[in-house]
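I have a new structure open today and want to find my way around it. These are my notes, in the order I looked things up.

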Amino acid sequence: MAEFNVDLFVIGGGSGGVRAARIAAGHGARVMLAEEYRMGGTCVIRGCVPKKLLVYASHIHHEIGDAAGFGWTIPSATFDWPTLIANKDKEIARLEAAYTSNVEKSGARIVKTRAAFEDPHTLRLATGEAVRARYVLVATGGAPNHGLAIAGIEHVISSNEVFHLNALPKRIVIQGGGYIALEFACIFAGFGSDVTLIYRGENILRGFDDDVRSHVRAEMEKEGISIITGTTVDKVEKHGKEFTTHLSNGSSIASDQVMFAIGRHPNVANLGLEKAGVAINPNNGGIAVDGFSRTSVPHIYEPDAGRDPRGSRVCRYGVWQAAGRSRPCQYSDRGVFPTRDRYGRTDGGAGARAIQPRRHLQG
Ligand SMILES: Cc1cc2nc3c(=O)[nH]c(=O)nc-3n(C[C@H](O)[C@H](O)[C@H](O)COP(=O)(O)OP(=O)(O)OC[C@H]3O[C@@H](n4cnc5c(N)ncnc54)[C@H](O)[C@@H]3O)c2cc1C
């Protein structure tokens, strides 16, 4: 159709957008993908993958601890956070380049800029260019949500900042009871930090099987993590380099960092969804979709990636449509937890397969 510059326009170069762009381009569709930050999105740049590297690094002290029983004599080990972070950054840059090159090899064009709807078929790029698209996939993912604007919220970091700390905090307070909060609590405890986890509910991992919840909690407590439930953070104060976290139970905790991992909100602000006529789901503030990941506007889709807390799911229906084929909706489930051995679950995550930490994480 001559009136369209592309068959499929993908907003967002994360797990959902990259997969969709590659499949559609591979089937001959003219595809353009806009990414405003870094190719790979949350999972590769500041989610699953860097987190797994930190998890692997934090497990090593257990192996060192067990080594003597297996006949090894290891001289006193030391750990250097800046080295880990620098090597993690190198690995993430390598993956970002691989994601970029794979999308380009598929024939899709990447534009490193922000995109927003001008009308249902027109995308306006921050560069000023307007692109007319037959189909659009809004794969803009989510962002950390800090909750209520409590006093001192500006001192609180999220999973975005935690991967870039200059120093390993000796003491950290983490608010949250979901998998991201728990994983970071275990990571920091593994590095020897003094960790306090604060959660408002009566037990962590809401929505999981009760036996799993109690087991994980008991194992974390055995690792020395202090878990305070039925409590929230009311206020955070900064004094020099130290923070005081005031809790709703009246107590307070001193630490070197305070992190919140209390949820994520859909990244839909200023996307021009109203100009495109795309309806919002009043329950979560994200885009309303049907069972085929189709929005209220038939040629605009949104992948399920990120909404399911257990992992990313990418519906290929719109992708097949853009490629001029008709296929029923197919979901591909991705990885679940990075905590391989300790909690008895196996990680099938994309990140775990994509990286070989022993090979790539070398100084
Ligand atoms: C700390 C953490 C750990 C995680 N661990 C796991 C795990 O172990 N296993 C697992 O399965 N999942 C994990 N996840 C979830 C996983 O990262 C998400 O499910 C996945 O990244 C969602 O993919 P997406 O493509 O929908 O969005 P994203 O990956 O967030 O990609 C969206 C992209 O869109 C870009 N963007 C947004 N708006 C615009 C715009 N207007 N124009 C251009 N670009 C735009 C953003 O910059 C971003 O790159 C984790 C998440 C976090 C935060």
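The entries below go from the whole chain to one sheet and then to a pair of helices.

**Entry 1: the whole chain.** I'm keeping in mind that this is a predicted model. I looked up the secondary structure and found 11 helices and 16 strands in the protein chain. Next I checked burial: of the 363 residues, 40% are buried. I also looked at contacts between residues at least 6 apart in sequence, and 62% of these join residues at least 24 apart.

**Entry 2: a sheet.** I picked out an open sheet of 4 strands, and its order reads E10-E9-E8-E14. The pairing is parallel. Which strands sit at the edges? They are E10 (226–229) and E14, each of which pairs on one side only. From one strand to the next, the twist averages 15°.

**Entry 3: the pairings.** I went through two of the joins in this sheet. E9 (residues 194–199) runs parallel to E10, and 4 bridges hold the pair together. Across that join, I found Ile198 opposite Ile228 in E10. At the E14 end, E8 (residues 171–175) is joined to E14 by 4 bridges, and these two strands run parallel as well. Here Ile172 stands opposite Gln257 of E14.

**Entry 4: side chains on E14.** I wanted to know which way the residues of E14 (residues 257–260) point. Gln257 and Met259 go one way, while Val258 and Phe260 go the other. I jotted down the general rule too: in a regular strand, side chains alternate between the two faces of the sheet. Are these four residues of E14 buried or exposed? All of them are buried.

**Entry 5: a helix over the sheet.** I then followed H6, which lies across E8, E9 and E14. Its direction is at about 165° to E9.

**Entry 6: H6 and its partner.** H6 (residues 179–190) also packs with H3 (residues 48–67). Their axes are 8 Å apart and make an angle of about 40°. Why do I call H3 and H6 oblique? Angles from 35 up to 65 degrees are neither roughly parallel nor roughly perpendicular, so this pair counts as oblique. The crossing of H3 and H6 is left-handed.

I listed who makes the contact. From H3 come Lys51, Leu54, Val55, Ser58, His59 and His61. From H6 come Glu183, Cys186, Ile187 and Gly190. By type, the residues of this contact split into 4 nonpolar, 4 polar and 2 charged.

Note on methods: Residues numbered from 1 in each chain as written. Predicted model: local features only at pLDDT ≥ 70, side-chain atom pairs only at ≥ 80, totals over all residues. Axes fitted to C-alpha atoms, helices over the stretch in contact; angles between N-to-C directions. Parallel < 35°, antiparallel > 145°, perpendicular 65-115°, else oblique. Left-handed = near helix turned anticlockwise from the far one by under 90°. Contact = placed C-beta atoms within 7 Å. Nonpolar A, V, L, I, M, F, W, Y, C, P; charged D, E, K, R; others polar. Buried ≥ 20, exposed ≤ 12 C-beta atoms within 10 Å, placed from the backbone. Pairing = 2+ DSSP bridges.
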